[in-house]
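Colleague: I would like a close look at one part of this model. Please take me through the sheet and what surrounds it.

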Amino acid sequence: MTMYSADDLRDILSSVPAPSLVGVGDNVLDCYVHEDLAYPGGNALNVAVYSRLFFGGGAGFVGIMGDDRFAVHLQEVLDDIGVDRSRVRVARGANGMAFVELDDDGDRVFVGSNRGGVQAELRLRMSEADTAYLAEYARVHTSVYSSIEAELPAIAERGTAVSFDYSNDAASDIVRATARHVDVGFFSGGALSDAEVDALAAFALDSGMASVVITLGSRGARAFEAGAAHAVGVMPVDAVDALGAGDAFITGFLAARASDADIQRSLEIASTTGALACTLRGAFGYPVRGGDDARAQLLRRYRKA
């Protein structure tokens with residue numbers, strides 16, 4: 001079995017034209033309890049960052065951030081990478097933070113959060129200036145954690161392609177209500193059987209989605225369009241950290257589709273970006289010290305930390 005290096009993966013990606021993408025919605029700091037380090041993350045933010053880091057594309061991010069030192073770090077990271085944040089809202093309070101630790105097998109698992117920080121009390125609302133800004137990009141990417149479902153019709157009506165990460169948390173009514181505005185929907189299906197994957201894809205397509213991609217963890221991923229299904233495996237890589245791999249997979253698929261690649265080629269590029277993310281610490285690096293002010297944010301526990 002061929003083991004790919006980060007340079008090998010970047011060489012593969014070098015043939016993909018730079019995409020144009022803006023992420024809208026969720027952003028967090030992933031605080032690694034065992035390292036006392038906090039890494040930038042969040043699905044919508046990660047996809048914008050990976051689009052810039054892996055493909056050199058024009059990228060922006062729109063969301064709500066706090067005014068603590070973690071939010072300031074996040075803003076500085078976006079500036080350093082070259083992701084435009086001119087439409088980011090800053091609110092008084094803590095930025096969203098999630099807590100990660102190692103399980104008995106050495107895998108990183110989410111163990112708690114600060115309940116979203118300021119994003120839990122505020123909801124992103126698109127102004128005319130916002131929708132005009134989004135229309136400057138070829139694609140808007142958002143997620144079930146971003147709570148902008150009501151804004152999707154206005155975004156789609158301007159002709160900008162919309163992709164949506166439903167993860168494994170979206171209720172069927174959310175899928176049904178948003179599908180007709182979404183050209184590519186992404187789902188996490190690692191716990192699903194093959195029959196359940198087929199049923200989920202059929203439901204999303206029947207609801208009006210143009211393409212459906214379901215990631216399956218170590219089983220790779222499958223993609224569906226009307227009358228066709230495709231699959232891809234996982235690319236072997238000396239992994240440092242798998243956090244963010246799913247978001248990087250999404251980014252690769254969207255970048256390839258933007259270059260008119262067919263769905264199978266898009267899956268292969270997605271597998272490449274997912275593997276490349278695994279060579280980076282955190283989602284994409286750029287840690288900041290956690291400290292007591294990070295630990296004080298652990299307000300909701302998912303399991304014993």
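Modeller: What follows covers the sheet, the helix on it, a loop serine and a helix pair. Bear in mind that this is a predicted model.

Start with the sheet. Eight strands build it, and it is open. Their order is β4-β1-β9-β10-β11-β12-β13-β14, with mixed pairing. β4 (58-62) and β14 (228-232) are the edge strands, each paired on one side only. Direction ignored, neighbouring strands are turned by 20° against each other on average.

Now one pair within it. β10 (residues 161-167) and β11 (residues 184-188) run in the parallel sense, joined over four bridges. Here Ser167 stands opposite Phe187 of β11.

Helix α7 packs on this sheet. It touches β11, β12 and β13 (221-225). The direction of α7 makes about 35° with that of β13.

Next, follow the chain to Ser207. This residue sits in the loop between α7 (194-206) and β12 (211-215). Its relative accessibility is 18%, under the 20% limit, so Ser207 counts as buried. The Ser207 side chain reaches the backbone oxygen of Phe203 at 2.8 Å. Leaving out residues up to four places away in sequence, Ser207 touches Val175, Arg176, Ala179 and Arg180.

Last, the helix pair. α2 (residues 43-55) and α9 (residues 263-277) pack at about 95°, their axes 12 Å apart. The two helices are therefore roughly perpendicular. From α2, the contact uses Tyr50, Phe54 and Phe55. From α9 come Ile269, Thr273, Leu276 and Ala277. By class, six of the contact residues are nonpolar, one is polar and none is charged.

Technical notes:
Residues numbered from 1 in each chain as written. Predicted model: local features only at pLDDT ≥ 70, side-chain atom pairs only at ≥ 80, totals over all residues. Heavy atoms only, no water. Axes fitted to C-alpha atoms, helices over the stretch in contact; angles between N-to-C directions. Parallel < 35°, antiparallel > 145°, perpendicular 65-115°, else oblique. Contact = heavy atoms within 4.5 Å. Nonpolar A, V, L, I, M, F, W, Y, C, P; charged D, E, K, R; others polar. Buried < 20%, exposed > 50% of the residue type's maximum accessible area, 1.4 Å probe, protein only. Polar contact = N/O pair within 3.5 Å; in protein donor to acceptor, adjacent residues only side chain to side chain. Pairing = 2+ DSSP bridges.
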